[in-house]
Structure formats: C-alpha cells, structure tokens
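Dear colleague,

Please find below the structure that I am handing over to you. My findings follow directly after it.

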Amino acid sequence: MAATAHTEKGCLFILSAPSGTGKSTLCKRILSRFPDMRYSVSYTTRPPRTGETEGADYHFISREEFERRIREGRWAEWAEVHGNYYGTSADLLEADLTAGHDILLDIDVNGARQIREKFPESVAVFIMPPSMEVLRHRLEKRSSDPPEVIAGRLKAAEEEIACSSEYTHVIINDELETAAAELIELIESYRDAGKRLHT
Ligand code: 5GP
C-alpha cells in the first residue's frame, strides 16, 4: 500500500483538517518524531496572530505581493481561505524536495488538490473530527469567538469533510494520543517503504 510514495526525491505528506480538529498539535508531533522532515512554511496575507513568528509559522506578505506572485507563476499551489490568500512557494518546495527531504504541508483542500495533481505520489491525510457535535464543543471551548464565527467555521468544516474521500488516508481525531500514534505509524510505513526502494 505504501510502496509508491517515494521517488529519488523526498516524500510529500499533506495534512488537511477543519479548524478545531487538532491539526497544529498533530503537525508538531510529526515534526518532533521525524526531525529530518521539513515543514513547508506557507505564505499568507492574513495578519500574524499573537505568538506567531515570521518565517516559522508563516511568511506574512501583502495582497499585492501575493497577487504579483500569482501572475508570475511562483506558487506550487495557492488558495483563498476565509478571505485571505495562502500559498506554497514553488521554489522553496522544489529546493527541499531536490535536497531529498521529506516535507510536511499543512494546507487546505483546494491546495491539497493542486499538489496532488503536480505530485501524484504525495500522501494526503485528512484529519476528521469524531462528529460535528464534538467539533462544535471544541470550537466553543477553545475560543471566545462569537457564535456567528463558530457557525461559519462549522459550515466550512462540512464543506471540507465532503472532500475527505479525495484523500489517501483519513484519520479520526477522537483522542489525540491515539490519532497521533496512528499518523506517525502511517508516515513511518511510507518512509520505510521509500528506504527499501532506494537501498
Ligand atoms: P490559519 O489561518 O488558521 O493558520 O489557516 C487557515 C487554513 O489555511 C488552514 O486550513 C490551513 O491548512 C490553510 N493553509 C495554510 N497554509 C496554506 C497554504 O500554503 N496553502 C493552502 N492552500 N492552504 C493553507
């Protein structure tokens, strides 16, 4: 099942999930378990949130700059999410792949579609909440967002979940430790298959 993911370049792992599904925590777990894996730092036009660092969480750029790079064809993928642009630099991605690094991309369903088209061997994982009810509780608990913002996130989540069948794997995040272990085991299986192919 896992044997086709690797080329002589690195392997691309895509993670998508609705807001409130624990994706950021799962990304951190993956990166600490696989220290040689590179996190693809996206570009965005949304302002930094408290605690976010330029170059680590995102590269923060203006809408004008982002649109200029669209015209110049400099994105491996890009999408507008919740009114802001997000994109993956084609140059940065290619450089990491050519250097043989495995790469982790945290991108939305539109971006995932574009990456899979360009890199059909990539491994796309969708993180699913156990139910819409649980997702609602998590979103209400974690933020002081007004009900209409939470309603908007839930609506977006339904749309994203409708695309989950396009993904190579779906992992349900009911209990964080179990989901993290499942995800790590999955990534390990692809990495082991890649090593076997190239030794
Ligand atoms: P946030 O603003 O909460 O960090 O991210 C909002 C959404 O944008 C998340 O679903 C995240 O996966 C997605 N996202 C982050 N970076 C990229 C990117 O480079 N490309 C695309 N298509 N989506 C991204």
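A polar side-chain atom of Arg49 lies 3.0 Å from an oxygen atom of the ligand, a polar contact being a pair of N or O atoms within 3.5 Å. Taken alone, the ligand exposes 510 Å², of which the protein buries 88%; accessible areas come from the Shrake-Rupley method with a 1.4 Å probe. This is a predicted model, in which local features need pLDDT of at least 70 and side-chain atom pairs count only at pLDDT 80 or more, while totals for chains, interfaces and linings use all residues. Residues are numbered from 1 along each chain as its sequence is written, and side-chain values use heavy atoms, with hydrogens and water left out.

For Ser42, a polar side-chain atom is found 2.6 Å from an oxygen atom of the ligand. Arg46 likewise places a polar side-chain atom 2.6 Å from a ligand oxygen atom.

The ligand is surrounded by 15 residues (each with a heavy atom within 4 Å of it). The closest are Ser42, Arg46, Tyr58, Tyr86 and Asp106. Strand 5 (75-81) and strand 6 (84-89) each contribute at least two residues to this shell; strands are DSSP runs (E, at least two residues) and helices are H or I runs of at least four, numbered from the N terminus.

Turning to the whole protein, there are seven helices and nine strands. Along its principal axes, the C-alpha trace spans about 55 × 40 × 30 Å.

Yours sincerely

How values were computed: Polar contact = N/O pair within 3.5 Å; in protein donor to acceptor, adjacent residues only side chain to side chain.
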